[in-house]
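Work through the following exercises with the sequence and the coordinates at hand, and compare your reasoning with the solution given after each task.

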Amino acid sequence: MKKIRFAGSCLCKAVAYEIEATPKYFYFCHCEQCRKLTGSAHAANILTEPATVRWCRGEDQIKRYDAPAGRQFTHVFCRECGSGLPFENVSGNALFIPAGSLDTDVDLEVTRNIFWAEAPNWTRSGLSAKNCPGFHG
Ligand SMILES: [Zn+2]
Ligand SMILES: [Zn+2]
């Protein structure tokens with residue numbers, strides 16, 4: 001794959017970034033850790049070769065959490081609004097971009113639901129629930 005330009009920001013717009021990187025995988029992760037950190041059904045991450053994150057603003061607003069034990073696990077987020085932001089993993093062999101933080105469309109498809117065995121029943125029913133264009137329908 002060739003390099004793609006990614007640009008994103010947090011919800012409160014304090015932090016913004018740009019990355020040029022070669023994507024390897026785009027996946028939804030259903031593991032318990034990703035559910036906890038997003039407060040949602042799954043994470044949506046683009047994993048790339050190691051690449052530099054250019055922080056356009058708000059680098060001093062970023063907080064990093066590395067889980068002390070168990071599965072290698074990192075969460076980088078805006079101190080003000082809590083939105084997930086890109087990070088390099090502890091071993092430094094990959095960059096993770098939370099797809100929900102992107103402000104630009106990317107021509108990539110999600111190809112894997114990983115840790116599906118850990119998905120709760122409500123994820124399965126949620127994915128087949130009625131689609132509403134707005135709040136209710
Ligand atoms: Zn923010
Ligand atoms: Zn996960």
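**Exercise 1: contacts and overall dimensions**

Among the contacts in the protein chain between residues at least 6 apart in sequence, 61% join residues at least 24 apart, a contact being a pair of residues whose C-beta atoms, placed from the backbone, lie within 7 Å. This is a predicted model, in which local features need pLDDT of at least 70 and side-chain atom pairs count only at pLDDT 80 or more, while totals for chains, interfaces and linings use all residues. Residues are numbered from 1 along each chain as its sequence is written, and chains are lettered from A and ligands numbered from 1 in the order in which they are written.

Task: compare the radius of gyration of the protein chain with that of a compact globule.

Solution: The radius is taken over C-alpha atoms, and the globule rule is 2.2 Å times the number of residues to the power 0.38. For 137 residues the rule gives a value near 14 Å, with which the 15 Å of the protein chain agrees. Along its principal axes, the C-alpha trace spans about 40 × 35 × 35 Å.

**Exercise 2: the sheet**

Task: determine which strands stand at the edges of the open sheet.

Solution: Begin with the inventory, which comes to two helices and ten strands, these being DSSP runs numbered from the N terminus (helices H or I, at least four residues; strands E, at least two). Two strands pair if DSSP finds at least two bridges between them. Five strands form the open sheet, in the order E8-E9-E4-E3-E10 and with mixed pairing. Strands E8 (87-88) and E10 (112-114) each have a single partner strand, so they stand at the edges, with one side of each left without a neighbour in the sheet. Within the sheet, E4 (residues 43-48) and E9 (residues 95-98) pair in the antiparallel sense over four bridges, and Leu-47 stands opposite Phe-96 in E9.

Key. Two residues are in contact if their C-beta atoms, placed from the backbone, lie within 7 Å.
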